[in-house]
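Here is a set of short exercises, each with a worked solution. Have a look at the structure first, and then try each task before reading on.

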Amino acid sequence: MKSPRILKEHLTGYLFITPQMIVFLLFLVYPIMEGFRMSLYQIQYSSEKFIGFDNYISLLNDPVFLQAFFNTLVFVVCIVVLTVGFALFVASSVFDKNAKYVSFIRGSYYIPVMVSMVVMSMIWSFLLNPSSGLISYLAREQGIGNINLLGNKITVMPVIIFVTFATNVGQAIILYIAAMIGIPKDLMEAAEVDGVSRVQMIRHILIPSVQSTTVYITIINIIAVLKIFVVIQLLTGGGPNNASVTLMYYLYNNAFKFNQLGVASAVGVIMFVITLLLSIPQLRTVLRVK
Amino acid sequence: MRNNTFYSVLLTLLLLSIIGTGCSSSNSSSSDGGNEAANGKETVELSVWLTPQWKGVLDATEEGADYDSFILKAAEKFAAQYSKYNVKINTQVIAGDQRDQMLNVNLSSGTPPDVFFESVFAMGDYVHRGALVPLTDLVDDQDRSDIASGYWDAVTFNKDVYFYPFQNNPGTLVYNANMFKAAGLDAYIGGEQEIKTWTLADYEEILSKLKNNLSGSGYANAYPMALYGMNNQGDTWNLAYLRMFGNPFFDETGHIILNDEKGVKAASWLKKIVDAGYTNPGPESVTSNDANGMFLNQQLAISFTNPVLYNNARADMDSGKQTKFDMRLANIPSESGDPLTFTYVVGASVFQSNDPKRVEAAKDFVRFFSTDAELVKSSKNGIPVRSSVISEYEKQYPLFKAYNENAKYVFNFTGNVPGYSQLREQLYPELQALYTGVKTPEQAVKDYQDHGNQVIDTNRNSSVIFSNK
């Protein structure tokens, strides 16, 4: 007898969230389910055939996929560690300085975030092209010889990591500065009265106080780096010899160049599962903190 | 409270109806029965895609010349005289390296273009996948006799014609004759209207002299020859180099047979010229667009071209957009002494939209601009496939004769194999591995052959053409 009454009371609320739920189900849940379904099929333009987990098996037997998996893992770890570390360093150095100076720093680091990744990649391409790029030209002029950082399997990953990191780090700096400005002043003042050094203050007050921001930055960066694509497409094309191919680039090639939609969907499902697995423990941390 | 609930329900229903309406709206380029105009004819809207081929209708120097000028002109003329429907034709120019992505996305979502004007080699996969409709019924005896049989062979899949041949673009080398003179290579310079043929020994001497003699000239920052392998752009020239020592590339079953002594020799030669500094540095990270830009910027003495690229460059030089220099053509040399040459047959295809009226109008449009006496003259921007157009223009364009003489050396670089687009993606990673020393020439050609044949076999299993046999 109680349930219909509660339902009636909550009806308005449910009706208000219905449009969002419909959009959520249509444009997020349905594509995910459809992606999973497609990963079990061999799909041609005019037909599809159920093949079970064959797409997944063929992925595990494909050395390019394994290379893409490994590369993506390296990208995620390096870029997230670099971003969090560098953003913490910059933010903790400037957050309590003059407001104009803080604004300048924020603006400087945020400009690359606002510029399209395509434009950034083109600029880096202009610098790094081994035949006509500025860096290669200067190296030749200095007698160093030909430099091809993008064509060397040892240097290509660090270059891509640096380019992506340099483009994205502004976002993390902004978030950290905002979080640090929000820390109660009396904590800092008490620490100063106790005579702690700046390093100790950063280590024992600032970093623990912005833990939830760190978790958030880590999650969004993991997800962003898992989807790294434009910079690979424009700077290296996955080369040399697949040395910089990532899961997203591999997915793109299969879906839009090779017309292997089933295989591409299987990669998408794997990426979704990885993201979910990486995100859940961190989301639980956030919830626990709250 | 009751009122609030009522309004919430009303709002929700409204939103649902909007979403429902949005989901059920029809494709803008479709035709439907209630579309009759004042003249009583039904309106059919067609989308025509093309990759950049040539600028202008007849010439790149026309005012406002752009890549879609020809299609726009053809559409205007077609719409004015078409009696079956009122047609509205929308054109879209697609970058060559975006073609497959755009088509695959649109095919998957059921919105392919109606007509695509492109090199046939890049579109053969769509025939195998059943995405194109046959155009055999459009071809009459007059067309058959005006266009040489070799071109019809290139556009025929399992007895049906899928592309209406319009022009062709033979691939050759292009060289900077000023640089040749500066390097003391006058003896190797051909005539202005000649496609020069060098022996492989000549070619190696040319590369060597360009490398050693250019540094003291005004071209100190130039390299002898273009080489690229960052992606599949311009891979046809790379495929030609791999045939330099006589490897036939495909066997009679349509499989790659590069992994033999001749194939390894060709791969070794490529590696040798990279290591000797005869090419632009880092070919593994350079695209053919980069190479073309470098050649036009006089940073490369020998590069690649086809008549469209060549004519566009000439037009840019004449209009002052591009620094002028003496640009001439040469064949890709081979060990046997016979030149290696290939051609891109260019023409229009019609996609299966499952709308009979659109397919009918699209086929009529293709037939119209591929046969109209005035419009077919635009094929002179490349090399015309029609003998009638060649005879009309050969005095004005003496190179037509040179290309015609080369025709006997043409090889079919696709082998008409299913999955050619995917096969293209197998070559450049192996070239990258070769140039960076990750793989030996032996390993690179073996891996290319193994992976390539896997692609061919996989696509053969799902090919509409093969399953119809």
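Please keep in mind throughout that this is a predicted model.

**Exercise 1. Classify B:N354: is this residue buried or exposed?**

Step 1. Take the cut-off: a residue is exposed when its relative accessible area is over 50%.
Step 2. B:N354 has a relative accessibility of 65%, so B:N354 counts as exposed.
Step 3. Now place the residue: B:N354 belongs to the loop between β11 (342-350) and α13 (356-371) of chain B.
Step 4. Finally, look at the backbone. B:N354 is not a glycine, yet its phi is positive, about 65 degrees.

**Exercise 2. Examine the loop between α11 and α12 of chain A, beginning with A:P240.**

Step 1. A:P240 sits in the loop that runs between α11 (230-235) and α12 of chain A.
Step 2. The peptide bond between A:G239 and A:P240 is cis, with omega at about -5 degrees.
Step 3. A:N241 is also found in the loop between α11 and α12 of chain A. Its phi is positive, about 50 degrees, although A:N241 is not a glycine.
Step 4. Is A:N241 buried or exposed? The limit for buried is under 20% relative accessible area. A:N241 has 17% relative accessibility and therefore counts as buried.

**Exercise 3. Describe how α12(A) is covered, and what comes after this helix.**

Step 1. Count the buried residues: 9 of the 11 residues of α12(A) are buried, so by the under 20% cut-off the helix is mostly covered.
Step 2. Name them: the buried residues are A:L247, A:Y249, A:Y250, A:L251, A:Y252, A:N253, A:N254, A:A255 and A:K257.
Step 3. Move past the helix: A:N259 follows α12(A) and has a positive phi, near 60 degrees.

**Exercise 4. Find the cavities, and say which residues lie closest to the centre of the largest cavity.**

Step 1. Searching the whole structure gives 4 cavities of 30 Å³ or more.
Step 2. The largest cavity holds about 180 Å³ of space.
Step 3. Its lining is made up of 18 residues, and the closest to the centre are A:F258, A:N259, B:D125, B:R129 and B:N459.
Step 4. Turn to the elements. Those that contribute two or more residues to this lining are α3 (99-108), α4 (124-128), α16 (420-435) and α17 (441-462) of chain B. With 3 residues, α4(B) gives the most.

**Exercise 5. Work out which element gives the largest share of the lining of the second largest pocket.**

Step 1. The volume of the second largest pocket is about 1,300 Å³.
Step 2. The pocket is lined by 47 residues, and A:D62, A:P63, A:V64, A:Y250 and B:Q426 are the closest to its centre.
Step 3. Chain A supplies β1 (41-43), α2 (54-60), α3 (63-94), α12 (247-257) and α13 (261-289), and chain B supplies α16 and α17, each with two or more lining residues.
Step 4. The largest share comes from α16(B), with 7 residues.

**Exercise 6. Follow the chain from β1(B) to β2(B) and give the handedness of the crossover.**

Step 1. In chain B, strands β1 (residues 43-50) and β2 (residues 86-93) pair in the parallel sense, over 8 bridges.
Step 2. Within this pair, B:L46 stands opposite B:I89 in β2(B).
Step 3. Between the two strands the chain passes through helix α2 (residues 69-81) of chain B, and this β-α-β crossover is right-handed.

**Exercise 7. Which residues have the most contacts inside the largest nonpolar core?**

Step 1. The largest nonpolar core has 144 residues, and B:F180, B:I302, B:F365 and B:F369 have the most contacts inside it.
Step 2. Take B:F180 as an example. Leaving aside neighbours within four places in sequence, its contacts include B:Y175, B:W198, B:L210 and B:I302.
Step 3. Another core, of 72 residues, lies apart from the largest one; among its residues are A:V84, A:A87, A:I105 and B:Y428.

**Exercise 8. Describe the surroundings of B:N169.**

Step 1. B:N169 belongs to strand β6 (residues 164-176) of chain B.
Step 2. Its relative accessibility is 2%, so B:N169 counts as buried.
Step 3. Beyond neighbours within four places in sequence, B:N169 is in contact with residues including B:Q53, B:N306, B:F342, B:Y344 and B:I383.

Technical notes
Residues numbered from 1 in each chain as written. Chains lettered and ligands numbered in written order. Predicted model: local features only at pLDDT ≥ 70, side-chain atom pairs only at ≥ 80, totals over all residues. Heavy atoms only, no water. Pairing = 2+ DSSP bridges. Helix = DSSP H or I, 4+ residues; strand = E, 2+ residues; numbered from the N terminus. Right-handed = clockwise from strand over helix to strand, strands pointing away. Core = buried A, V, L, I, M, F, W, Y, C linked by side-chain atoms within 4.5 Å. Buried < 20%, exposed > 50% of the residue type's maximum accessible area, 1.4 Å probe, protein only. Contact = heavy atoms within 4.5 Å. 1 Å grid on protein atoms, 1.4 Å probe; cavity = no way out; pocket = protein on both sides within 12 Å on 5 of 7 lines; lining within 4 Å. Points joined across faces, edges and corners; volume = space filled by probe spheres on them.
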